[in-house]
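Work through the exercises below with the structure open beside you. Try each task before reading its solution.

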Amino acid sequence: MTANTAIKRIGFCCKYLDSNGETVPDKNYRGTTVAWLNRQSKDVAEQRLWDIMEHNVHATFRVVTEVGSMEPSLRMMRLGSDMLPVYTEPTWSYFWRRADVIAFLERELAKVGELARKLDVRLSFHPGQYCVLVSASDDIVTRSIDEFEYHVDMARWMGYGTTWHDHGFKINVHLSGRRGADGIIHALGRMSTEARNLITIENDEMTAGIDNILALENHVALVLDLHHHWVHSASYLDTQDDRVQRIVNSWRGTRPTLHYSVSREDLLIGHPTDTLPNRELLKSQGHKIQKLRAHSDMMWNTAVNDYALSFLPQFDIQVEAKHKNLASTALYRYYTNL
DNA sequence: GAGGGTCAAGTCCGT
DNA sequence: ACGGACTTGACCCTC
């Protein structure tokens, strides 16, 4: 717990856009592909990885500076998993063990972490769909732990993870995979102390709903995804629902974060913007559940916004929308004008 | 410079 | 069993 936990935050994910919706190059990540690296000489490939590393780490510093200049309630963002490309890819992972690379990351990411704490910017990571800690395959579990520990390495270099969700930091994953909740408990035993301090588990749309993730309430902090819950159960939660309170309690005193998104506006053209979307009604009208999962550009529905904001006294809100910080800032403006 | 194809990885669903 | 969605643009290559 830190002194800033009284602040109610609304944050965004992974990319920073200017007011025109354009990606700002010096505050966003560059990338490469394994296929491209494999086509180059070793020297050329390593130089590219070094250049991308420098750019991405410095871009992180600049975007944290930017977010840290915003109103206190907007100082929250998820960092992209692509900061250090091919970190866990077998052919190229050796690059990230080079002494000069590690020295750079130790030095520069420490500055990023210090800046985030000084400016009171709440940060997080969200490993992607290929990080499946509870896969039925042992090999996939092992590689997923490696992928998770990659995110832990970045967090550790930034100075997070020595204590339970310090400064609200989280590394969030889903509970998809056949081993279910027990698989997480097993995986935790194979992970670093910092990983166990930072991991959160989120309910998903198709497989693990909140009832499933609650099996882990005494093991990890739980992330409530409101849209996933709607897709999974066709229902809306009351903030006083016992299950919501158990999710809050799983954070053991740290202010929780929830995830908030809504179905694409171009899928629901003509839907009243002040009425809660009804999943069963939409389904009966021919909307496919798969399609309803996809995220909107902006938070276009004031009824769902009111629903999500009703959780703000208890949770920070991570907005997942294609228009990124433009969507989270607009939601905050809506909130302050209520 | 524009346009089109490519991209490390897993899981689930529909057919 | 297999293809596609999910997401998701950014990058790379060709023209």
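## Exercise 1: Two residues with positive phi

His 167 has a relative accessibility of 30%, so it counts as partly exposed. The model is a predicted one.

Task: Place His 167 in the chain and describe its backbone. Then do the same for Cys 14.

Solution.
- Step 1. Find His 167 in the loop between α4 and β4.
- Step 2. Read its phi: the value for His 167 is near 55°, which is positive in a residue other than glycine.
- Step 3. Move to Cys 14, in the loop between β1 (10–13) and α1 (34–39).
- Step 4. Read phi again: Cys 14 has a positive value of about 70°, although it is not a glycine.
- Step 5. Classify Cys 14. Its relative accessibility is 31%, so Cys 14 is partly exposed.

## Exercise 2: The largest pocket

Task: What is the volume of the largest pocket, and which element gives the most to its lining?

Solution.
- Step 1. Take the volume: the largest pocket has about 1,200 Å³.
- Step 2. Look at the lining, which is made of 41 residues. Nearest the centre of the pocket lie Pro 127, Gly 128, Gln 129, Tyr 130 and Cys 131.
- Step 3. Assign elements. Both α4 (138–157) and β4 (170–174) supply at least two lining residues.
- Step 4. Pick the main contributor. With eight residues, α4 gives the most to this lining.
- Step 5. Sort by class: 14 residues of the lining are nonpolar, 13 are polar and 14 are charged.

## Exercise 3: The second largest cavity

Task: How many cavities of 30 Å³ or more are there, and which residues line the second largest?

Solution.
- Step 1. Count the cavities of 30 Å³ or more: there are three.
- Step 2. Take the second largest cavity. It holds about 80 Å³ of space.
- Step 3. List its lining: Leu 226, His 227, Trp 230, Tyr 236, Tyr 260, Ser 261, Val 262, Ser 263, Pro 277, Val 304 and Tyr 307.
- Step 4. Assign elements. Two or more of these residues come from each of α8 (226–233) and α12 (302–309).
- Step 5. Pick the main contributor: α8, with three residues.
- Step 6. Sort by class. This lining has eight nonpolar residues, three polar ones and no charged ones.

## Exercise 4: Two residues in one loop

Task: Are Ser 263 and His 271 buried or exposed? Locate each one as well.

Solution.
- Step 1. Find Ser 263 in the loop between β7 (257–260) and α10 (279–284). His 271 is also placed in the loop between β7 and α10.
- Step 2. Recall the cut-off: buried means under 20% relative accessible area.
- Step 3. Apply the cut-off to Ser 263. Its value is 2%, so Ser 263 is buried.
- Step 4. Apply the cut-off to His 271. Its value is 16%, so His 271 is buried.
- Step 5. Compare sequence and space for Ser 263. Phe 12 is 251 residues from Ser 263 along the chain, and their C-alpha atoms are 17 Å apart.
- Step 6. Do the same for His 271. Tyr 29 is 242 residues away in sequence, with 35 Å from C-alpha to C-alpha.

## Exercise 5: Rings and charges

Task: How many aromatic pairs does a search of the whole structure find? Then look at the pair formed by Tyr 307 and Phe 311.

Solution.
- Step 1. Count the aromatic pairs: the search finds 12.
- Step 2. Examine Tyr 307 and Phe 311. Their ring centres are 5.4 Å apart and their planes stand at 90°, an edge-to-face pair.
- Step 3. Check burial. Tyr 307 is at 11% relative accessibility, so it is buried. Phe 311 is at 0%, so Phe 311 is buried.
- Step 4. Find a cluster: Tyr 87, Phe 95, Trp 96 and Tyr 150 form one.
- Step 5. Look for charges over rings. Arg 117 lies over the face of Tyr 160, 4.8 Å from the ring centre. The charged end of Arg 252 sits over the ring of Trp 164, at 3.9 Å from its centre.

## Exercise 6: A buried glutamate

Task: Where does Glu 320 lie, and which side chain does its own side chain contact?

Solution.
- Step 1. Find Glu 320 in the loop between β8 (316–319) and α13 (324–336).
- Step 2. Classify Glu 320. Its relative accessibility is 7%, so Glu 320 counts as buried.
- Step 3. Name the partner: a polar contact of 2.8 Å joins the side chain of Glu 320 to that of Arg 78.

Terms used. Residues are numbered from 1 along each chain as its sequence is written. Chains are lettered from A and ligands numbered from 1 in the order in which they are written. Side-chain values use heavy atoms; hydrogens and water are left out. On a 1 Å grid over the protein atoms alone, a cavity is a set of points where a 1.4 Å probe fits but cannot get out, and a pocket is an open set with protein on both sides within 12 Å along at least five of seven lines; lining residues have an atom within 4 Å of a point. Grid points are joined across faces, edges and corners, and a volume is the space filled by probe spheres set on the points. Helices (H or I, at least four residues) and strands (E, at least two) are DSSP runs, numbered from the N terminus. Ala, Val, Leu, Ile, Met, Phe, Trp, Tyr, Cys and Pro count as nonpolar, Asp, Glu, Lys and Arg as charged, and the others, Gly among them, as polar. Rings of Phe, Tyr and Trp (its six-membered ring) pair if their centres lie within 6.5 Å; planes under 30 degrees apart count as stacked, over 60 as edge-to-face and the rest as tilted. Buried means under 20% relative accessible area, exposed over 50%, partly exposed in between (1.4 Å probe, protein chains only). A charge sits over a ring if NZ of Lys or CZ of Arg is within 6 Å of the ring centre and within 35 degrees of the ring normal. A polar contact is a pair of N or O atoms within 3.5 Å; within protein, one must be able to donate a hydrogen and the other to accept it, and residues adjacent in sequence count only if both atoms are side-chain atoms.
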